[in-house]
There are 2 protein chains.
Amino acid sequence: MVMSTKKMGRDGAASGEAVGDSPIARLCVKHGLKMTGQRRVIARVLSEAEDHPDVEELYRRASELDSRISVATVYRTVRLLEEKGILERRDFGGGRARYEASENGHHYHLIDIDSGNVIEFENDELVGLLAKIAAELGFDLMSHRAELFGRRTASDRKKDTTSGKADDGSQSNPSGRA
Amino acid sequence: MVMSTKKMGRDGAASGEAVGDSPIARLCVKHGLKMTGQRRVIARVLSEAEDHPDVEELYRRASELDSRISVATVYRTVRLLEEKGILERRDFGGGRARYEASENGHHYHLIDIDSGNVIEFENDELVGLLAKIAAELGFDLMSHRAELFGRRTASDRKKDTTSGKADDGSQSNPSGRA
DNA sequence: ATATCTGCAAAAAGTTTGCTCTACG
DNA sequence: CGTAGAGCAAACTTTTTGCAGATAT
């Protein structure tokens with residue numbers, strides 16, 4: 001098992017147009033999408049996101065880079081990118097959809113129910129088991145998701161006291177309900 | 001692995017008041033909730049549900065038994081029961097929350113992406129693996145969920161042609177988006 | 001008796017959409 | 001240039017809430 005070490009694209013030298021493109025913007029081009037300024041900004045925000053922002057948060061971050069972006073465009077864009085398979089929508093509870101780039105690879109989430117932190121991890125054994133289960137039920141596994149809700153073990157907790165929160169796409173609500 | 005064989009409570013002889021109570025209604029009493037007529041009806045609907053109805057569907061079923069129930073009450077009730085741990089909220093995509101009784105035991109869902117059918121299954125090996133993963137990350141596993149999205153294998157498909165849908169709490173949208 | 005619950009309707013919250021103008025290719 | 005995209009605001013959908021009257025314990 002390996003915890004993901006997500007690398008974010010550093011901001012490109014804004015030379016011309018295509019060179020400064022973020023990884024996701026490049027994916028968009030690859031998918032034949034028309035690259036508008038707004039989309040390029042949103043793509044960049046998504047590429048640089050290390051968490052699981054919701055639309056509101058994406059809108060906020062995009063607006064910082066270019067104030068001429070509307071929420072509607074963010075909604076339209078994430079929907080488009082989701083359809084293209086570039087983005088994945090998540091539901092961690094709380095009513096709003098949260099997004100992350102598919103290119104980050106398949107991984108799972110462990111949510112710390114006390115702090116709201118979301119820890120990502122990969123696990124081949126798990127993939128294999130799930131595929132096996134699906135097969136036993138007569139299905140080919142097309143996609144899947146697993147979320148663990150846990151609490152730090154006493155022994156683990158005393159190791160560090162980095163009590164703060166790490167991931168938080170704008171709102172972290174452990175239980176998913178206020 | 002064992003597919004769940006959920007038993008639903010048959011309707012009780014409406015003798016007095018407490019005798020006809022559904023399993024969930026009894027749980028409500030145990031939790032000290034005031035049992036109004038509406039709650040009793042909703043509890044019964046939930047107890048008898050073999051699928052994962054959303055609020056709209058719960059409202060429809062409850063209304064059949066007693067037309068003097070409002071959607072607001074259904075919302076308030078499921079929220080209350082969820083807080084008490086009697087109900088669990090699910091998100092299978094599609095924007096609306098779907099509910100099922102916690103008493104049905106811990107199980108997982110395999111969603112047929114073509115038909116929208118939801119198949120429930122249990123798997124001890126999976127529980128063990130998830131707990132192990134959590135432990136490796138320094139957590140005690142408090143709860144978890146796993147959803148598989150699959151497509152019937154060619155070989156399996158030709159065995160039966162029960163093409164229709166089985167589970168469907170009012171709306172089944174394989175991809176979660178219309 | 002009285003704190004809790006319900007219905008109703010209005011309000012939130014999140015997301016989608018029609019229309020017109022703008023801009024990518 | 002022509003068509004897809006963006007902005008704006010209005011529409012929609014799902015869920016929550018304030019309030020007055022009803023009800024379980």
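Here is a chat between two people reading this predicted two-chain model.

Colleague: Before we start, what are the ground rules for this model?

Modeller: It's predicted, so to speak plainly: local features need pLDDT of at least 70, side-chain atom pairs count only at pLDDT 80 or more, and totals for chains, interfaces and linings use all residues. Residues are numbered from 1 along each chain as its sequence is written, chains are lettered from A and ligands numbered from 1 in the order written, and side-chain values use heavy atoms, with hydrogens and water left out.

Colleague: How many helices and strands does chain A have?

Modeller: Helices (H or I, at least four residues) and strands (E, at least two) are DSSP runs, numbered from the N terminus. Chain A has 6 helices and 6 strands, and along the sequence they go β-α-α-α-α-β-β-β-β-α-β-α.

Colleague: And what percentage of chain A is buried?

Modeller: Buried means under 20% relative accessible area, exposed over 50%, and partly exposed in between (1.4 Å probe, protein chains only). In chain A, 41% of the 178 residues are buried. A:Cys28 is one of the buried residues, at 2% relative accessibility, and B:Cys28 is buried too, at 1%.

Colleague: How many disulfides are there over all chains?

Modeller: The test is a pair of cysteine sulfur atoms within 2.5 Å. By that rule the count over all chains is 0.

Colleague: How do I read a buried loop residue, say A:Leu33? What is it in contact with?

Modeller: Contact means heavy atoms within 4.5 Å. A:Leu33 sits in the loop between α1 (23-30) and α2 (37-48) of chain A, and is buried with a relative accessible area of 14%. Setting aside neighbours within four places in sequence, A:Leu33 is in contact with A:Cys28, A:Arg39, A:Leu80, A:Leu81 and A:Lys84. A:Lys84 is 51 residues away along the chain, yet the two C-alpha atoms are separated by 9.7 Å.

Colleague: Which side chain makes a polar contact with A:His52?

Modeller: A polar contact is a pair of N or O atoms within 3.5 Å; within protein, one must be able to donate a hydrogen and the other to accept it, and residues adjacent in sequence count only if both atoms are side-chain atoms. The side chain of A:His52 pairs with that of A:Glu120 at 3.0 Å. A:His52 lies in the loop between α2 and α3 (55-65) of chain A and is buried, at 1% relative accessibility.

Colleague: Over to helices. Why do the buried residues of α3(B) line one face?

Modeller: An α-helix has 3.6 residues a turn, so residues three or four places apart point the same way. In helix α3 (residues 55-65) of chain B, the buried ones are B:Val55, B:Glu57, B:Leu58 and B:Ala62. Down the axis of α3(B) they fall within an arc of 160° (taken from the directions from the helix axis to the C-beta atoms), so they line one face. Their cover includes α2 (37-48), α4 (71-83) and β2 (98-101) of chain B. At the N-terminal end, B:Asp54 caps α3(B), with a side-chain oxygen 3.2 Å from the backbone nitrogen of B:Glu56.

Colleague: Last one: what rotation superposes chain A on chain B?

Modeller: Two copies of a chain are related by a rotation about an axis and a shift along it. Here the rotation is 179° with 0.1 Å of shift, and the RMSD is 0.3 Å (least squares on the C-alpha atoms of residues with pLDDT of at least 70 in both). The copies are therefore related as by a two-fold rotation axis. In chain A, the C-alpha nearest that axis belongs to A:Ala146, 2.1 Å from it. Also, 98% of the interface residues of chain A are interface residues in chain B, so the copies meet through the same surface.
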